[in-house]
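Please work through the exercises below with the model open beside you, and try each task before you read its solution.

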Amino acid sequence: RAKLAGRNCIRVFSRELSEEIQRRVLLEARLKQALERRELVLHYQPKREISTGRLTGWEALLRWQSPELGSVSPDEFIPLAERSGLILPIGEWVLREACRQMRAWQDAGLAAGTMAVNLSARQFRQMDLAEEVSAVLRDTGLAPADLELEITESSLMDNLATAATVLTDLERLGIRIAVDDFGTGYSSLSYLKTFPLHCLKIDRSFIRDIPGDDNDTAIVRTIIALAGTLGLTVVAEGVETEAQLAYLRANRCDQAQGYLFSRPLPPEACLALLRAGPRRAAA
Ligand code: C2E
Ligand code: MG
Ligand code: MG
Ligand code: MG
């Protein structure tokens, strides 16, 4: 009996495993063609200053609409692109497209703030990253000060050898660097003062249960204080409720991003939001 159950177990397990592998292989093959076939697009999510409600900038977020697979989440295809190396051409396209879009808004006379682009660990490991970024800025005509690069805390910590060089080169160009998903990595806090950083983005998992959860409020207040001490801008991600926003305002968090203000939007919707002009401070 036990033997039989065991065998069934293995059969179920291996079927699930092979389905998972098959999906990965299929996704990877389709992702290879996705760029040329123009199936990748960028959506943009606004960030706002908490004290005034003013729009401070945008974060570019990649979307893949496959005719065959439907819409695939970046949480599924980015790690895959990272493993296969496809993230390099895809990441360069994202950077170029986000900078082009930002410059187009500026050319239309709109005050669009800064544009933030997510960098994967693999991109961050390229020693010539700053040269690539510099070429994109030159080609698109976007000023370095209008570009921010988001690097997750864990990819920073996994690449300590290249981090110092690459970050210094980017800093020299005049680009802002944000640490994304802050608080989820195994951080040695000493890197915060040695690396040229400008912004900490508090991971959404710490925002979700504030103001009710005592551990999370303590963590959030600590990160805000840390950023203040180090002279870094602090942004809360994943802000969904007025209660969360009120807590962040009371504790002097600089900026917020989340569904409360807006989901990531396609470019046309961003344009409408920009044309509507400066918003008054939230009450
Ligand atoms: P991230 O950079 O931390 O981006 C924030 C994610 O949280 C986005 O998910 C965004 O849509 C979502 N989000 C924003 N506000 C809220 C909210 O109020 N509530 C909830 N529940 N979620 C919110 P998305 O677009 O699915 O992206 C997931 C992750 O995929 C990103 O996390 C980023 O790590 C990665 N990613 C997305 N686009 C790119 C890209 O162009 N390049 C690279 N390397 N990674 C990317
Ligand atoms: Mg990000
Ligand atoms: Mg994040
Ligand atoms: Mg994230």
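The exercises that follow treat metal sites, salt bridges, the nonpolar parts and the backbone.

This is a predicted model, in which local features need pLDDT of at least 70 and side-chain atom pairs count only at pLDDT 80 or more, while totals for chains, interfaces and linings use all residues. Residues are numbered from 1 along each chain as its sequence is written, chains are lettered from A and ligands numbered from 1 in the order in which they are written, and side-chain values use heavy atoms, with hydrogens and water left out.

**Exercise 1: the metal sites**

Task: Find which residues coordinate the magnesium ion (ligand 2) and which are the protein donors of the magnesium ion (ligand 3).

Solution: Begin with the rule that donors are N, O and S atoms within 2.8 Å of the metal (3.2 Å for Na, K and Ca), and keep in mind that water is not among the atoms, so sites may look incomplete. For the magnesium ion (ligand 2), the search gives Glu59 (OE), Asn118 (OD1), Glu150 (OE) and Asp180 (OD), at 2.0 to 2.2 Å. Along the sequence these donor residues follow the spacing E-x58-N-x31-E-x29-D. Glu59 belongs to strand β2 (residues 55-66) and Asp180 to strand β6 (residues 176-182), so that this pair, 121 residues apart, links distant parts of the chain; strands here are DSSP runs of E with at least two residues, helices are runs of H or I with at least four, and both are numbered from the N terminus.

Next, turn to the magnesium ion (ligand 3), whose protein donors are Asp180 (OD), Asp181 (OD) and, listed twice, Glu237 (OE), lying 2.1 to 2.6 Å from the ion. Their spacing in sequence is D-D-x55-E. Asp180 coordinates both ions, which are 4.0 Å apart.

Finally, compare the accessibility classes, where buried means under 20% relative accessible area, exposed over 50%, and partly exposed in between (1.4 Å probe, protein chains only). Asp180 is buried because its relative accessible area is 6%, whereas Asp181 counts as partly exposed because its value is 25%.

**Exercise 2: the salt bridges**

Task: Decide which residue forms a salt bridge with Glu150, and which with Arg172.

Solution: Start from the criterion, which asks for a side-chain nitrogen of Lys or Arg within 4 Å of a carboxyl oxygen of Asp or Glu; the structure holds 14 salt bridges. The partner of Glu150 is Lys201, and the closest N and O atoms of the two are 2.8 Å apart. This pair links distant parts of the chain, since Glu150 is in strand β5 (residues 147-152) and Lys201 in strand β7 (residues 199-202), 51 residues apart. Glu150 and Lys201 are both buried.

The partner of Arg172 is Asp169, with the closest N and O atoms 3.5 Å apart. Both of these residues lie in helix α7 (residues 160-173), three residues apart, about one turn of the helix. Arg172 is exposed because its relative accessibility is 66%, while Asp169 is partly exposed because its relative accessibility is 24%.

**Exercise 3: the nonpolar core**

Task: State how many residues the largest nonpolar core has, and which residues have the most contacts inside it.

Solution: First fix what is being counted, namely a set of buried Ala, Val, Leu, Ile, Met, Phe, Trp, Tyr and Cys residues joined through side-chain atoms within 4.5 Å. The largest such core has 76 residues, and those with the most contacts inside it are Trp105, Leu147 and Leu149. Helix α3 (residues 87-107) supplies the largest share of this core, eight residues. As a last step, take Leu149 and set aside its neighbours within four places in sequence: the residues in contact with Leu149 then include Leu95, Val117, Leu119 and Ile177, contact being heavy atoms within 4.5 Å.

**Exercise 4: the backbone**

Task: Identify where a cis peptide bond occurs, and where Arg38, with its positive phi, lies.

Solution: The cis peptide bond joins Ile210 and Pro211, with omega about 0°, and Pro211 lies in the loop between α9 (204-207) and α10 (214-230). Arg38, whose phi is near 55° although the residue is other than glycine, lies in the loop between α1 and β1 (40-49). Arg38 is exposed because its relative accessible area is 73%. Asp181 also has a positive phi of about 55° without being a glycine, and Asp181 is found in strand β6.
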